[in-house]
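Dear colleague,

I am handing over the structure below, together with notes on what was found in it. Please read the notes alongside the coordinates.

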Amino acid sequence: MQTLIANSRRLYPFLLPYLGILILILAVKLSYSKEDIYFFINGLHFPAGDVLFPYMTELGSSVSAVVICLLLLFFSYRSSFLMASSLILSTAVNVSLKNLFNAPRPSVYFAGHTRPIYYVPNVELLSNNFSFPSGHTACAFTIAMVLTYITPNKKMGYIYLLFALLVAYSRMYMSQHFLEDVTGGSVVATVVTLLWLTWSGTWSSFKDPRWDGSLSRKKHAA
């Protein structure tokens, strides 16, 4: 428990504003329906957003996850391991929940709906029942949390959270997910990653100095 509290404090720049956002989302959900929130966001499209958000959403893709894990090998093996293992765990939980809830994507949910819906041009629209929780959002929040954990300057957590939120918003902007989906994905990632970072931090073997090595240091040593 003490380790969990210590890690939570270490992640304050990420966790505190995130908790505030969750409270705000809860207030919105209590005031408006799923459909009201979807159509409000769907009405916020603009030309620059149609260009920006399809790229922004890729920050939560599996390709980005693999790339960042590989890049961290040049900083420390420990950081790369924490990132990779956190992503694997949060993805496993997220995929399990997708299969459990079997929730329809917006395109399926609103099939036959008479109200006009704007879809971002040249974006492949997903039409399945794996909407909840959002995988891209879970990936982005996992990456953001681990980066906050391993970065010496904890104030960077605010920046990492911002990027994760932009990924989450991009999923709604492109009509791939509902607000409930991205919120669920963020919660899954935050809880799973926090618990994993806490537990892995108790391993005596993880304190081995060799974990502090990296590919860059190995190259210089050679």
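How far apart are the end C-alpha atoms of helix H6 (residues 77–101), and what should its 25 residues span at 1.5 Å a residue? The two ends lie 36 Å apart, which agrees with the 36 Å expected, the expected span being 1.5 Å times one less than the number of residues.

This is a predicted model, in which local features need pLDDT of at least 70 and side-chain atom pairs count only at pLDDT 80 or more, while totals for chains, interfaces and linings use all residues. Residues are numbered from 1 along each chain as its sequence is written, and side-chain values use heavy atoms, with hydrogens and water left out.

The protein chain comes to 11 helices and 0 strands, where helices (H or I, at least four residues) and strands (E, at least two) are DSSP runs numbered from the N terminus. Of its 222 residues, 43% count as buried, meaning under 20% relative accessible area, with exposed over 50% and partly exposed in between (1.4 Å probe, protein chains only).

Returning to H6, its buried residues include Arg-78, Leu-82, Met-83, Leu-87, Asn-94 and Lys-98, and what covers the buried residues of H6 includes helix H5 (62–72), helix H8 (135–150) and helix H10 (179–200), a contact being heavy atoms within 4.5 Å. After H6 comes Asn-102, whose phi is positive, near 50°.

Elsewhere, Phe-163 is found in helix H9 (residues 156–173), and Phe-163 is partly exposed because its relative accessible area is 41%.

Best regards
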